[in-house]
Amino acid sequence: MMGAMMGVARADISQCITASVRCQASCEAGIARLVSEGHPADSEPVRLLRQCAELCELNARALRKESSLARRTASICFELSSQVARTAWLDPNASSATLARDALFMARACRLLLFSN
């Protein structure tokens with residue numbers, strides 16, 4: 001039903017869910033790394049990753065439940081994960097490359113949901 005409702009294939013929805021879960025895990029790992037390096041929990045980088053992790057979780061849940069708001073959560077995830085990817089690419093820490101890759105994968109996977117009929 002969800003694929004028909006959103007005008008996308010079930011496989012595309014499944015890929016967005018998988019990407020959301022993967023991005024959530026990478027953001028949570030990034031938070032743990034930043035905090036262990038001494039960044040305050042309320043610092044801008046930590047807050048950005050926390051927002052991304054929470055939104056990725058919400059997006060996966062909305063898609064699994066075939067929520068009528070799933071297109072909106074995917075849209076916000078697309079924007080936020082693009083921002084996270086951009087920020088992570090600019091970070092000289094080598095572990096940020098994984099975060100950037102997962103955030104970019106998330107943006108690409110959910111983009112299909114945004115631009116479908």
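The exercises below, each with a worked solution, concern a predicted model.

**Exercise 1. Salt bridges within helix H3**

Find how Glu44 and Arg47 are placed in helix H3, and state what their side chains form.

Solution.
- Step 1. Helix H3 covers residues 44-64, and Glu44 and Arg47 are 3 residues apart in it.
- Step 2. This spacing puts about one helical turn between Glu44 and Arg47.
- Step 3. In an α-helix there are 3.6 residues a turn, so residues three or four places apart point the same way.
- Step 4. The two side chains form a salt bridge, with an N to O distance of 2.6 Å.
- Step 5. Glu44 has a relative accessibility of 48% and is partly exposed; Arg47, at 37%, is also partly exposed.

Repeat the analysis for Arg61 and Glu57.

Solution.
- Step 1. Arg61 and Glu57 are 4 residues apart in helix H3, about one helical turn.
- Step 2. Their side chains meet in a salt bridge of 2.9 Å, N to O.
- Step 3. Arg61 is partly exposed at 37% relative accessibility, and Glu57 is partly exposed at 33%.

**Exercise 2. A salt-bridge network**

Describe the salt bridge between Arg101 and Asp102, classify both residues by accessibility, and name the network that holds them.

Solution.
- Step 1. The closest N and O atoms of Arg101 and Asp102 are 3.0 Å apart. The cut-off for a salt bridge is 4 Å, and this pair forms one.
- Step 2. Buried means under 20% relative accessible area. Asp102, at 3%, is therefore buried.
- Step 3. Arg101 has a relative accessible area of 44% and is partly exposed.
- Step 4. Salt bridges link Arg22, Arg101 and Asp102 in a network.
- Step 5. For the whole structure, the count of salt bridges is 7.

**Exercise 3. The two sides of helix H4**

Compare the length of H4 with its expected span, then sort its residues into a buried face and an exposed side.

Solution.
- Step 1. H4 has 21 residues, and its first and last C-alpha atoms are 30 Å apart. This is close to the 30 Å expected at 1.5 Å a residue.
- Step 2. The buried residues of H4 are Ala70, Thr73, Ala74, Cys77, Leu80, Ser81, Val84, Ala85 and Ala88.
- Step 3. Viewed down the axis of H4, these buried residues fall within an arc of 150 degrees, so they line one face of the helix.
- Step 4. Arg72, Glu79, Arg86 and Leu90 are exposed on the other side of H4.

**Exercise 4. The largest pocket**

Give the volume of the largest pocket and describe its lining.

Solution.
- Step 1. The volume of the largest pocket is about 190 Å³.
- Step 2. Its lining consists of 13 residues; those nearest the pocket centre are Leu34, Pro45, Leu49, Thr87 and Asp91.
- Step 3. Two or more lining residues come from each of helix H2 (10-36), H3, helix H4 (70-90) and helix H5 (96-114).
- Step 4. By type, the lining of the largest pocket has 8 nonpolar, 2 polar and 3 charged residues.

**Exercise 5. A backbone angle in a loop**

Locate Glu66 and state what stands out in its phi angle.

Solution.
- Step 1. Glu66 lies in the loop between H3 and H4.
- Step 2. Most residues other than glycine have a negative phi.
- Step 3. The phi of Glu66 is near 55 degrees, which is positive although the residue is not glycine.
- Step 4. Glu66 is partly exposed, at 24% relative accessibility.

Conventions:
Residues numbered from 1 in each chain as written. Predicted model: local features only at pLDDT ≥ 70, side-chain atom pairs only at ≥ 80, totals over all residues. Heavy atoms only, no water. Buried < 20%, exposed > 50% of the residue type's maximum accessible area, 1.4 Å probe, protein only. 1 Å grid on protein atoms, 1.4 Å probe; cavity = no way out; pocket = protein on both sides within 12 Å on 5 of 7 lines; lining within 4 Å. Points joined across faces, edges and corners; volume = space filled by probe spheres on them. Nonpolar A, V, L, I, M, F, W, Y, C, P; charged D, E, K, R; others polar. Expected span 1.5 Å × (residues − 1). Arc of directions from axis to C-beta.
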